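Trainee: Could you walk me through this structure and show me how each label gets earned?
Mentor: Sure, have a look and then ask away.

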Amino acid sequence: MVILNNEDNMKADLSRRIIIAMLLGVFVGVLLNSAMQKELFSRTITEQIDLYLVSGLFDTLGQIFVRTLKLMVVPLVFVSLLCGTASLGSNAKMGLLAGKSIALYMVTTALAISIALVLAIFMAPGQGIDLLETSNFSAVEAPELKTTLINIFPSNPVAAMADGQVLQVIVFAVLMGLALAHLGTSGDRLLDFFKDINTLIMKMVLLLMQLAPLGIFCLLAKLFTGLGIGVIVSLASYFFTVVFALLLHCFGIYAMLLRAITGLNPKIFFMHMRSPMTFAFSTASSAATMPVTLRAVEHDVGVDNRVASFTVPLGATINMDGTAIMQGVATVFISQAYNIDLSLEAYLMVILTATLASIGTAAVPGVGLVMLVMVLNQVGLPVEGIGLIIGVDRLLDMLRTAVNIAGDGTVSTCVAHSEGLHNRSVFYQVEIEKSSKRDIN
C-alpha cells in the first residue's frame, strides 16, 4: 500500500509540474512575442534573444526531449508487442484481437470526420473570408492504396526499425511472437528474456518522464514566441470550430463508447490518461508519446499488456481521429472560402478517403496537412486553400494529437474488456484507496 501511495504521489507531482511547465511556456512565449512585435528591445538584443534563447536554448532542449521520447518507440513497440503476442499464443485469438482493434479505430475515425463535417456546415467558418491564393505548403503526392498496403509488410526488419516504420515493426513483432509461442520450453526461456528487456525499457521511460516539465516548457515557449496569439484571432471561426469538434469527440463520443462497452466511469478514465494527453499536446506526435501512453494504459487504466502492446502501437499508427476532424472542418472551410458547393456524394467521399488515409500515415507532427491534400484532391477542391489554415495548424496539431491519444486509450480499454483482459481494480485503485481511508476514519 505504501508503494502504491508513493507511485500515486509521484504521478500526481509529475502531472502538476507538467501543467505548470505548460502554462509557463505559453506565458513566456507570448511575452517574448509581444515584446518583439512591439519592438521593446533594440534590433540587436532581439536578434540575440532569438538566436541564443529561442532558436538556441529553447529549441535545443525541446528537440532533445522529443528525441529521447522517440528513442524508446521502436524498442518498446517491438519488445512489448512480441511479449504480448507470444503470451496470447493462439493465432485465432490474435486475429480476433487485431480485427476488433482495427474495426474500432476505423469506426471512431469515421464518426470523427462525420461530426466535423456536420459542425462545419452548421457553423460555416469559411463564409466571408478574404481569400488568399498563396501558400508556402508544398503538396506531397499521396501514395496509392495498393502501395500503402504493400508497404505494411517489411522486406528488411532491421531497415524498418532503423527508419521507424512502425507498422512494419508491428508485423515483424507479431510474426516473431507467434513463432515464439510455438517453440515450447525454449520459447518460454526466450519469452522470459524479452519480458526482462520490456521491464528495463519501461524503467527507462519512467526516468525520461522526469525530464518532461523542462522539455514541455521549452517546446511551448519556442512555439508561442514564433506564433503569438494574433494568428488565432485572424482565424478564430475556423480555429474554434475545430477545437469544439475535438472536445465533443473526445469527451462525448469516447466517453459514451467507454460507458456503453465497458461500463467504466469516463471521468476516472480521462484522469488516468491525463499524462499521455499532456505529452501528446506538447510534442504533437503520437509516436513520441507512445511510451507514456503504453505505461498509462497498462498501469493506470488497467489494460493487460497482451492487449495494450498491440492496440497502442497500432493506434499510434492508424488512429487519426483528431486529424480526421481537422480535415472535415478544413474541407468545408476551404469550399466555403472558394464558394464551391459540395454534393452529398462529395461529403461521403471525404469520410471514406479520410478514414482509409489514416492507415499507414506516419504519427509525426504536421502529417494532417499531407492527408488533407489527399482529401482535397479527391473532391476537387484547390490545394492552395491550405494556405488559409496553415498559420494555426501547429496549435491545432497539438490538440488533435491529444485527442488521438485519448482514442488509443479508449479502444485499448474496450478491446481489453471484450477479451476479459481488463483489471477493474487497477482502474478504480484511487477510488478504492479513498473509500478505505473513509472507512478507517
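**Labels and the values behind them**

Mentor: Let's start with Arg400 and Asp397, whose side chains form a salt bridge with 3.4 Å from N to O. Bear in mind that this is a predicted model.

Trainee: Why is the contact of Arg400 and Asp397 called a salt bridge?

Mentor: The cut-off is 4 Å between a side-chain nitrogen of Lys or Arg and a carboxyl oxygen of Asp or Glu. Arg400 and Asp397 come in at 3.4 Å, so the pair qualifies under that limit.

Trainee: How far apart are Arg400 and Asp397 along helix H19?

Mentor: They are 3 residues apart, which means about one helical turn separates them. Both Arg400 and Asp397 are buried, too.

Trainee: How many salt bridges are there by this rule?

Mentor: The count is 3. One of them joins Lys100 and Glu419, at 2.8 Å from N to O. Lys100 sits in helix H4 (residues 91-123) and Glu419 in the loop between helix H19 (390-418) and helix H20 (424-427), so this pair ties together parts 319 residues apart in sequence.

Trainee: What makes Glu419 buried and Lys100 partly exposed?

Mentor: Buried means under 20% relative accessible area, and partly exposed runs from there up to 50%. Glu419 has 16%, so buried is the right word. Lys100 has 27%, so it falls in the partly exposed range.

Trainee: And what about Arg306 and Asp304?

Mentor: Those two form a salt bridge as well, with their closest N and O atoms 3.1 Å apart. Arg306 has a relative accessible area of 26%, so it is partly exposed. Asp304, at 24%, is also partly exposed.

Trainee: On to the rings. Why is the aromatic pair of Phe78 and Phe172 called stacked?

Mentor: By the ring rule, the count comes to 9 aromatic pairs. For Phe78 and Phe172, the centres are 5.8 Å apart and the planes differ by 15°. Centres must lie within 6.5 Å, and planes under 30 degrees apart count as stacked, so both conditions are met. The pair also links distant parts of the chain, with Phe78 in helix H3 (residues 73-88) and Phe172 in helix H7 (residues 166-181), 94 residues apart. Phe78 is buried at 12% relative accessible area, while Phe172 is partly exposed at 26%.

Trainee: What makes the aromatic pair of Tyr238 and Phe333 tilted?

Mentor: Their planes are 45° apart, with 5.0 Å centre to centre. Stacked needs under 30 degrees and edge-to-face needs over 60, so an angle between those limits is tilted. Tyr238 is in helix H11 (residues 236-262) and Phe333 in helix H16 (residues 321-337), so the pair ties together parts 95 residues apart in sequence. Tyr238 and Phe333 are both buried.

Trainee: Which residues do ring pairs link into a cluster?

Mentor: Phe251, Phe269 and Phe270. Phe270 turns up again in the largest nonpolar core, which has 124 residues. Phe270 is among the members that touch the most others there, including Tyr238, Met277 and Phe279.

Trainee: What is Met277 in contact with, leaving aside its neighbours within four places in sequence?

Mentor: Cys250, Phe270, Ala402, Ile405 and Ala406. Apart from that core lies another one, of 9 residues, among them Ala21, Val54, Phe58 and Ala221.

Trainee: How do you know that helix H13 is mostly covered?

Mentor: Helix H13 spans residues 274-283, and 9 of its 10 residues are buried. Among them are Pro276, Met277, Phe279 and Phe281. Right after H13 comes Ala284, with a positive phi near 55°.

Trainee: Where is Ile152 found?

Mentor: In the loop between helix H5 (145-151) and helix H6 (157-163). Ile152 has 14% relative accessible area, so it is buried, loop or not. Ile152 and Val171 are 19 residues apart in sequence, and their C-alpha atoms are 7.5 Å apart in space.

Trainee: Last one: how many disulfides are there?

Mentor: The count is 0. A pair of cysteine sulfur atoms would have to lie within 2.5 Å to be called a disulfide. As for burial, Cys218 is at 2% relative accessibility and Cys250 at 1%. The limit is under 20%, so both count as buried.

Definitions and conventions. Residues numbered from 1 in each chain as written. Predicted model: local features only at pLDDT ≥ 70, side-chain atom pairs only at ≥ 80, totals over all residues. Heavy atoms only, no water. Core = buried A, V, L, I, M, F, W, Y, C linked by side-chain atoms within 4.5 Å. Buried < 20%, exposed > 50% of the residue type's maximum accessible area, 1.4 Å probe, protein only. Contact = heavy atoms within 4.5 Å. Helix = DSSP H or I, 4+ residues; strand = E, 2+ residues; numbered from the N terminus. Phe/Tyr/Trp six-rings, centres within 6.5 Å; stacked < 30°, edge-to-face > 60°.
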